[in-house]
Amino acid sequence: MKNSHKESNITNKTDYYFRKTKRIVLSNKDINVTYAVFMRRPVIFCPKLAIDFLREVEKSRNTKFKISLCYEEGSWVGAGEPLMFI
């Protein structure tokens, strides 16, 4: 996937709070932030596609994310529980 297409996908598929946080981070220059990823409904935790996508974004942005998974693959997770921290 081309970098510009990847960036537009990120922009088009994120919620209001993510975009608001991005503006805050950009206005404060280079700072560390932590994002909690969660679902509003109960789910079976299957993070592989998300992790693969994040690794591709790391390459295209020449950066490194610290990703902490809160559950093992295949775990049942209740609504609103953090799935991972980035």
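Q: What share of the contacts in the protein chain with a separation of 6 or more comes from residues 24 or more positions apart?
A: Residues 24 or more positions apart account for 60% of these contacts. Contact means heavy atoms within 4.5 Å. The structure is a predicted model, in which local features need pLDDT of at least 70 and side-chain atom pairs count only at pLDDT 80 or more, while totals for chains, interfaces and linings use all residues. Residues are numbered from 1 along each chain as its sequence is written, and side-chain values use heavy atoms, with hydrogens and water left out.

Q: What makes up the protein chain, and in which order do its elements run?
A: The protein chain has three helices and five strands. Helices (H or I, at least four residues) and strands (E, at least two) are DSSP runs, numbered from the N terminus. From that end the order is α-α-β-β-α-β-β-β. The C-alpha trace spans about 35 × 25 × 25 Å along its principal axes.

Q: Why is glutamate 58 called buried?
A: Buried means under 20% relative accessible area, exposed means over 50%, and partly exposed is in between (1.4 Å probe, protein chains only). Glutamate 58 has 6% relative accessibility, so it counts as buried. Its place is in helix α3, residues 48-61. Apart from neighbours within four places in sequence, glutamate 58 touches Thr63, Lys64 and Phe65. Across the protein chain, buried residues make up 20% of the 86 residues.

Q: Why is valine 57 also put in the buried class?
A: Its relative accessible area is 2%, and therefore valine 57 is buried. Valine 57 is in helix α3 too. With neighbours within four places in sequence left aside, its contacts are Lys6, Ile10 and Phe65. From valine 57 to glutamate 73 the C-alpha distance is 22 Å, with their positions 16 residues apart in sequence.

Q: What makes asparagine 62 exposed?
A: Asparagine 62 has 72% relative accessibility, so it counts as exposed. It sits in the loop between α3 and β3. Its phi is near 50 degrees, a positive value in a residue other than glycine. Most residues other than glycine have a negative phi.

Q: How do you know that the length of α2 agrees with that of a helix?
A: The expected span is 1.5 Å times one less than the number of residues. For the twelve residues of α2 that comes to 16 Å, and the end C-alpha atoms are 17 Å apart, so the two agree. Just after α2, lysine 29 has a positive phi of about 65 degrees.

Q: Why are phenylalanine 18 and lysine 22 called partly exposed?
A: Phenylalanine 18 has 27% relative accessibility, so it counts as partly exposed. Lysine 22, at 38%, therefore counts as partly exposed as well. Phenylalanine 18 lies in helix α2, as does lysine 22. Leaving aside neighbours within four places in sequence, phenylalanine 18 is in contact with Ile10 and Tyr35.

Q: What makes the pair of phenylalanine 45 and tyrosine 71 edge-to-face?
A: Rings of Phe, Tyr and Trp (its six-membered ring) pair if their centres lie within 6.5 Å; planes under 30 degrees apart count as stacked, over 60 as edge-to-face and the rest as tilted. The count by this rule is one aromatic pair. The centres of the phenylalanine 45 and tyrosine 71 rings are 6.3 Å apart and the planes meet at 65 degrees, so the pair is edge-to-face. Phenylalanine 45 is in the loop between β2 and α3, and tyrosine 71 is in the loop between β3 (68-69) and β4 (76-77), so the pair ties together parts that are 26 residues apart in sequence. Phenylalanine 45 is buried, because its relative accessible area is 2%, whereas tyrosine 71, at 28%, is partly exposed.

Q: What is the volume of the largest pocket, and which residues are closest to its centre?
A: On a 1 Å grid over the protein atoms alone, a pocket is an open set of points where a 1.4 Å probe fits, with protein on both sides within 12 Å along at least five of seven lines; lining residues have an atom within 4 Å of a point. Grid points are joined across faces, edges and corners, and a volume is the space filled by probe spheres set on the points. The largest pocket has a volume of about 1700 Å³. Of its 42 lining residues, the closest to the centre are Thr14, Phe18, Tyr35, Leu54 and Ile86. Helix α2 gives the most to this lining, with six residues.
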